Amino acid sequence: MPSRSRLAFCTACTILVLLACMVAGCTSYPSAPVTATPPAVTGGGNTIAIKNFAFEPGSLTVKTGTTVSWTNQDSVSHIIASDTGSPVPFSSDSLPNGASYSFTFTQAGTYSYHCTIHPSMKGTVIVQ
Ligand SMILES: [Cu+2]
């Protein structure tokens, strides 16, 4: 009987250790996709975040026909507008926090753009 209860105790310990490992494993998983996200941006994603008064990424290269989406993550509003001399002009409405603007680039070229409210905010989309 004593050896049997010791066996039960050890089994319980093993299960506890396994559970602890599983929990630790689970909590480490969410951090892995976060580090995996930046390569997706440099790898030709078609979304641009507006945060901290900057476009991220500041320069984006896409293929002709790609629809690029900007999403404002700042608490203040921004307005996206192509610079003078853009191959095809584009401009958004005022984008409050959480709002998105999309533009489809059907013509190859280098598109410099800015925020009309904050002219120091600049970005580039290169369409190939
Ligand atoms: Cu702005």
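This report describes the fold, the sheet, the core and several loop residues of a predicted model.

**Overall fold**

The chain has 128 residues, of which 15% count as buried. Its secondary structure comes to two helices and eight strands, and these follow one another along the sequence in the pattern α-α-β-β-β-β-β-β-β-β, with both helices ahead of the strands. When contacts between residues at least 6 apart in sequence are considered, 48% of them join residues at least 24 apart.

**The four-stranded sheet**

Four of the strands form an open sheet with mixed pairing, and their order across the sheet is β3-β8-β7-β5. The edges are taken by β3 (59–62) and β5 (80–82), and because each of these has a single partner strand, one side of each is left without a neighbour in the sheet. From one strand to the next, the twist averages 25 degrees. In general, the strands of a sheet pair through backbone hydrogen bonds, in either a parallel or an antiparallel sense. The edge strand β3 pairs with β8 (residues 122–127) in the parallel sense, over four bridges, and Ser59 is found opposite Thr124 of β8.

**The nonpolar core**

The largest nonpolar core holds 16 residues, and those with the most contacts inside it are Ile48, Val68, Trp70, Ile80, Phe105, Tyr111 and Val125. Two or more residues each are given to this core by β1, β4 (66–72), β6 (100–105), β7 (109–115) and β8, and the strand that gives the most is β7, with three residues. Val125, one of the residues with the most contacts inside the core, touches Leu60, Val62, Val68, Phe105 and Tyr111 when residues up to four places away in sequence are not counted.

**Loops with unusual backbone features**

The loop between β1 (47–51) and β2 contains Asn52, and the loop between these two strands also contains Phe53. Neither is a glycine, yet Asn52 has a positive phi of about 55 degrees and Phe53 has a positive phi of about 60 degrees. In the following loop, between β2 (54–56) and β3, lies Pro57, and the peptide bond that leads from Glu56 to Pro57 is cis, with omega near 0 degrees.

The surroundings of three loop residues, given as the number of other C-beta atoms within 10 Å, are set out below.

| Residue | Other C-beta atoms within 10 Å | Class |
|---|---|---|
| Asn52 | 9 atoms within 10 Å | exposed |
| Phe53 | 13 atoms within 10 Å | partly exposed |
| Thr64 | 12 atoms within 10 Å | exposed |

The classes rest on a cut-off: a residue with 12 or fewer such atoms is exposed, and one with 20 or more is buried. Thr64, with 12 other C-beta atoms within 10 Å, is therefore exposed, whereas Phe53, with 13, is partly exposed.

**Thr64 and its contacts**

Thr64 belongs to the loop between β3 and β4. Which residues is Thr64 in contact with, leaving aside its neighbours within four places in sequence? They are Phe105, Thr106, Gln107, Ala108, Val127 and Gln128. Phe105 also appears among the residues with the most contacts inside the largest nonpolar core, and it is touched by Val125 as well. The C-alpha atom of Thr64 is separated by 8.9 Å from that of Gly109, although the two residues are 45 residues apart along the chain.

Methods. Residues numbered from 1 in each chain as written. Predicted model: local features only at pLDDT ≥ 70, side-chain atom pairs only at ≥ 80, totals over all residues. Pairing = 2+ DSSP bridges. Axes fitted to C-alpha atoms, helices over the stretch in contact; angles between N-to-C directions. Core = buried A, V, L, I, M, F, W, Y, C linked by C-beta atoms within 7 Å. Contact = placed C-beta atoms within 7 Å.
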